[in-house]
Every structure is written in structure tokens, then in C-alpha cells.
Amino acid sequence: KIFSKIFPNEQCNEDCKIFQNSFRLSWVEPKHFIPGKKNYVYDSFLPDAVNNFELLYHEKSPRRKFLCMSNIFNSISNLVKFNNDGNDQIGVDDFMPILNYTLIKAQPKWMFSICKFMEIYIGDLKKKQEDNQLMQLRGICENMITINNESLNDVSEEEYKRKCEETISDVT
């Protein structure tokens, strides 16, 4: 009930753009985000990560929202480690493409507002792992607002427009 009081209506625009773009891009595959690493195994990763995005939306407590966010990043970390033969050297460059792909597949509601909400309650987690994860999540949200064919690997402008239109026309 306090949502509309905490978040002004202009944030709704960002949330709507993120949701709409993630829906329009539901046709993308991992290869469109992860250059050179085409053999990732996504079997159990994607359902778990999408479920955690859904929980991030439904949870009311800031602490539980941070736990859901950490679970998303732990899932990505486990995926990268598994597909890199246990190599523990995981950087932001490994996380961001997979996080971007996962956000599109999750098609989260109110993602921008959820990030803003979590920023309000970050408290003593500032300058820690959760703060870094939240910055990455916020960056992906900002990227999702302006995403286009140039943001994807090996997708021409014509193909991008055609596939996005096909996705929209399948629903209508």
C-alpha cells in the first residue's frame, strides 16, 4: 500500500520499458549475449534464476529481497564455474551477459522500482557484496531500457525488428 507513496509515477515508465523490452526479446538465446561461449549448460539454472526474480517481486521484506538477489548471483556463479570446469576466476564480464539474458527470460515486473526500493534499505550492506550486486542489477535494468540490435551478438537490425514484431504479433 505504500508503493505509490515511495515510488513516483515516472518510475513506472522505466518499469514498463524493462518489462516490454524483456517481452519483445523473449526470442533471444544465450549466444546473443555470450560471445565465444556457446556450450553453456542451462538445464537447472534458468528455472531457478527465473524463480528468484519472481520471488524478488513478491517478497515484502528488504532482507528477503537481498537474499533473492544473492540467490540469482549465486546461480550465475555456479553456472559459470560449472561451465568453466570449476575455475574460480569469475569477473563481472562473466556475470553481466548471463544476468542480462536471465532478466529477459524472467520478464520481471517492477524491476527498476525493486532496485530503487533495495537501494533505500541497503543500510550496512553498503560497500559490500550486496551493494555490488545491486549496482550490477541496476546497470542491467538501465541497459534493458535502451537495448537494441547493437546490444546483441550477430543480430542485424532487420532480424531484430522482424523477431520483435513476430513476438508481439503472436500475442495479439
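**Exercise 1. Which residue does Glu59 meet in a salt bridge, and how buried or exposed are the two partners?**

Step 1: The side chain of Glu59 meets that of Arg64 in a salt bridge, at 3.8 Å from N to O. A salt bridge here is a side-chain nitrogen of Lys or Arg within 4 Å of a carboxyl oxygen of Asp or Glu. Side chains of opposite charge can pair when their charged atoms come close.

Step 2: Glu59 has a relative accessible area of 18%, so Glu59 is buried. Arg64, at 42%, is partly exposed. The cut-offs are under 20% relative accessible area for buried, over 50% for exposed, and partly exposed in between (1.4 Å probe, protein chains only).

Before you go on: this is a predicted model, where local features need pLDDT of at least 70 and side-chain atom pairs count only at pLDDT 80 or more, while totals for chains, interfaces and linings use all residues. Residues are numbered from 1 along each chain as its sequence is written, and side-chain values use heavy atoms, with hydrogens and water left out.

**Exercise 2. Find the salt-bridge partner of Lys31 and say how exposed each one is.**

Step 1: Look at Glu29, whose side chain meets that of Lys31 at 3.9 Å, N to O.

Step 2: Lys31 has 42% relative accessibility, so it's partly exposed. Glu29 comes out at 38%, so Glu29 is partly exposed too.

**Exercise 3. How far apart in helix H8 are Glu159 and Lys163?**

Step 1: Find helix H8 at residues 157–171. Helices (H or I, at least four residues) are DSSP runs, numbered from the N terminus.

Step 2: Glu159 and Lys163 are 4 residues apart in H8, so about one helical turn separates them.

Step 3: Their side chains form a salt bridge of 3.3 Å, N to O. Lys163 is partly exposed, at 22% relative accessibility.

**Exercise 4. How many salt bridges does the structure hold, and which residues does Arg138 link up with in a network?**

Step 1: The structure holds 7 salt bridges.

Step 2: Arg138 shares a salt-bridge network with Glu119 and Glu142.

Step 3: Arg138 is also among the buried residues of H7, a list including Leu134, Ile140 and Met144.

**Exercise 5. Is Ser22 buried or exposed, and what is it in contact with?**

Step 1: Ser22 is found in helix H2, residues 9–24.

Step 2: Its relative accessible area is 0%, so Ser22 is buried.

Step 3: Leaving aside neighbours within four places in sequence, Ser22 is in contact (heavy atoms within 4.5 Å) with Leu103, Ile104, Gln107, Pro108 and Met144.

Notes: Helices (H or I, at least four residues) and strands (E, at least two) are DSSP runs, numbered from the N terminus.
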